[in-house]
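The following exercises are to be solved with the sequence and the structure at hand. Each task is followed by a solution in steps.

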Amino acid sequence: MLGPPGAGKGTQSDLLAQRLNVPHLSTGDLLREAIARRTPLGRLAQPYMDRGELVPDEVVIGLIKEWLAREGHQTGAILDGFPRTLAQAHGLQETLAELGRQVGQVLYLRVPTEELLERISGRYVCPQCAATYHRRGTRPRTEGQCDVCGAELVQRPDDRVEVARRRLDVYFAQTAPLIDYYRGQGILAEINGAQSVDRVLTDELATLPAGYRHN
Ligand code: AP5
């Protein structure tokens, strides 16, 4: 799942993972979890994330390699927010080749920048289970409380406007080149992400090769 910050990658990955019955792996969620648990990985990643910059490639590639070798290669998986640089894309390709797998399809969510900032600044997340809400869109049933696990909702530290702008700059400089990279491989589907959540999901499902579709 490829796209700028706030494009809906997490929202759509969750829904697709349920539909396709495969795991959803978000490198952002893995890193936030490591920060919350104060692990060595979390301590390393936090300063980068607080500045809105990317965690070094070798760290993130190592994280994904470990996860894929452990569980993700058997069923396939939806990778959300990875790869984010050409070096990560090459690392992924090598790792999958070793496991006899490959990237099947890349879904690129296209959303105008003004809309991205609105989505990011209005977002509230659950620090326990990573469920996502928006003050304008998907609201929790009880204000400030997660529908799934009841925890108190918070704003992500990197959702402050100045950090969100930096994340967007980093996206355009380091991640957007992956659009042409995967288009050149003939596996990129471009999805209009500026539609309702349901509509985006319908478009995504329609672009998946027949073998991927489930109800
Ligand atoms: P990460 O957690 O991956 O953040 P991101 O890519 O910036 O993406 P977001 O989580 O902001 O947005 P999203 O596209 O998932 O949108 P969402 O569904 O939440 O990464 C965070 C940081 O971790 C990075 O900055 C970096 O430091 C580090 N990192 C992570 N991966 C890395 C890697 N591979 N390499 C190096 N560093 C890495 O939706 C956003 C909001 O919009 C929500 O409120 C949602 O409810 C709402 N919304 C969703 N869809 C719609 C819709 N269709 N209409 C209206 N509202 C919608």
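**Exercise 1.** In this predicted model, determine whether Thr27 is buried or exposed, and list the residues that Thr27 touches beyond four places in sequence.

*Solution.* Step 1: Thr27 has a relative accessible area of 3%. Step 2: buried means under 20%, so Thr27 is buried. Step 3: Thr27 belongs to helix α2, residues 27-36. Step 4: leaving out residues up to four places away in sequence, Thr27 touches Val60, Ile64, Asp80, Gly81, Phe82 and Arg84.

**Exercise 2.** Determine how many disulfides the model contains, and examine Cys146 and Cys149.

*Solution.* Step 1: a disulfide requires two cysteine sulfur atoms within 2.5 Å. Step 2: the count by this rule is 0 disulfides. Step 3: for Cys146, the nearest cysteine sulfur belongs to Cys129 and lies 3.7 Å away, and Cys146 is in no disulfide. Step 4: for Cys149, the nearest cysteine sulfur is that of Cys126, at 3.4 Å, and Cys149 is likewise in no disulfide. Step 5: Cys149 counts as partly exposed, because its relative accessibility is 39%.

**Exercise 3.** Identify the buried residues of helix α8 and explain why they line one face of the helix.

*Solution.* Step 1: in α8, residues 177-184, the buried residues are Leu178, Ile179, Tyr181 and Tyr182. Step 2: viewed down the axis of α8, these buried residues fall within an arc of 165 degrees, so they line one face. Step 3: Asp180 and Gly184 are exposed on the other side of α8. Step 4: the cover over the buried residues of α8 includes α5, β3, α7 and β6. Step 5: just after α8, Gly186 adopts a positive phi of about 75 degrees.

Key: Residues numbered from 1 in each chain as written. Predicted model: local features only at pLDDT ≥ 70, side-chain atom pairs only at ≥ 80, totals over all residues. Heavy atoms only, no water. Buried < 20%, exposed > 50% of the residue type's maximum accessible area, 1.4 Å probe, protein only. Helix = DSSP H or I, 4+ residues; strand = E, 2+ residues; numbered from the N terminus. Contact = heavy atoms within 4.5 Å. Arc of directions from axis to C-beta.
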